[in-house]
Amino acid sequence: FFSFSVFPSWTDQSDVVVQPYNSLLTMKRLTLNADAVVVLDNTALNRIAVDRLRIANPTVDHINSLVATIMAASTTTLRYPGYM
């Protein structure tokens, strides 16, 4: 099965001190139990929304829509064989 995971920004300050460790431990578990792991960087998603989509202040809904588009585009050939 596919796993799409949005990892937090490494440069920004977080309220949770162990956030980087939690991300690494989660990645280990995902690679052991999933057939394919797609890791998306939260900072990169925000940069895409600002630079490419021209959204000055992207909200969580904008980022979720971007992730949904990535998920749909990367699984198109699985859902519609011979489509592309």
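**Note on strand 1, helix 3 and the core**

1. Along strand 1 the side chains alternate, with Ser3, Ser5 and Phe7 directed to one face and buried (under 20% relative accessible area, 1.4 Å probe, protein chains only), while Phe2, Phe4 and Val6 point to the other face and are not buried. In a regular strand the side chains alternate between the two faces of the sheet.

2. This is a predicted model, in which local features need pLDDT of at least 70 and side-chain atom pairs count only at pLDDT 80 or more, whereas totals for chains, interfaces and linings use all residues. Residues are numbered from 1 along each chain as its sequence is written, and side-chain values use heavy atoms, with hydrogens and water left out.

3. Strand 1 and strand 2 run parallel and are joined by six bridges; within strand 2, Asp41 is the bridge partner of Phe7.

4. Helix 3 (residues 60-74; helices are DSSP runs of H or I with at least four residues, strands runs of E with at least two) has Ile63, Leu66 and Val67 buried. They lie on the same side of helix 3 because they cover an arc of only 95 degrees around the axis, taken from the directions from the helix axis to the C-beta atoms.

5. The buried residues of helix 3 pack against strand 1 (2-7), strand 2 (36-41) and helix 2 (42-51), contact meaning heavy atoms within 4.5 Å. Leaving aside neighbours within four places in sequence, Val67 is in contact with Val6, Leu40 and Leu45.

6. The largest nonpolar core (buried Ala, Val, Leu, Ile, Met, Phe, Trp, Tyr and Cys residues joined through side-chain atoms within 4.5 Å) has six residues: Leu40, Leu45, Ala49, Ile63, Leu66 and Val67. The largest share of this core, three residues, comes from helix 3.

Note on methods
Expected span 1.5 Å × (residues − 1). Buried < 20%, exposed > 50% of the residue type's maximum accessible area, 1.4 Å probe, protein only. Pairing = 2+ DSSP bridges.
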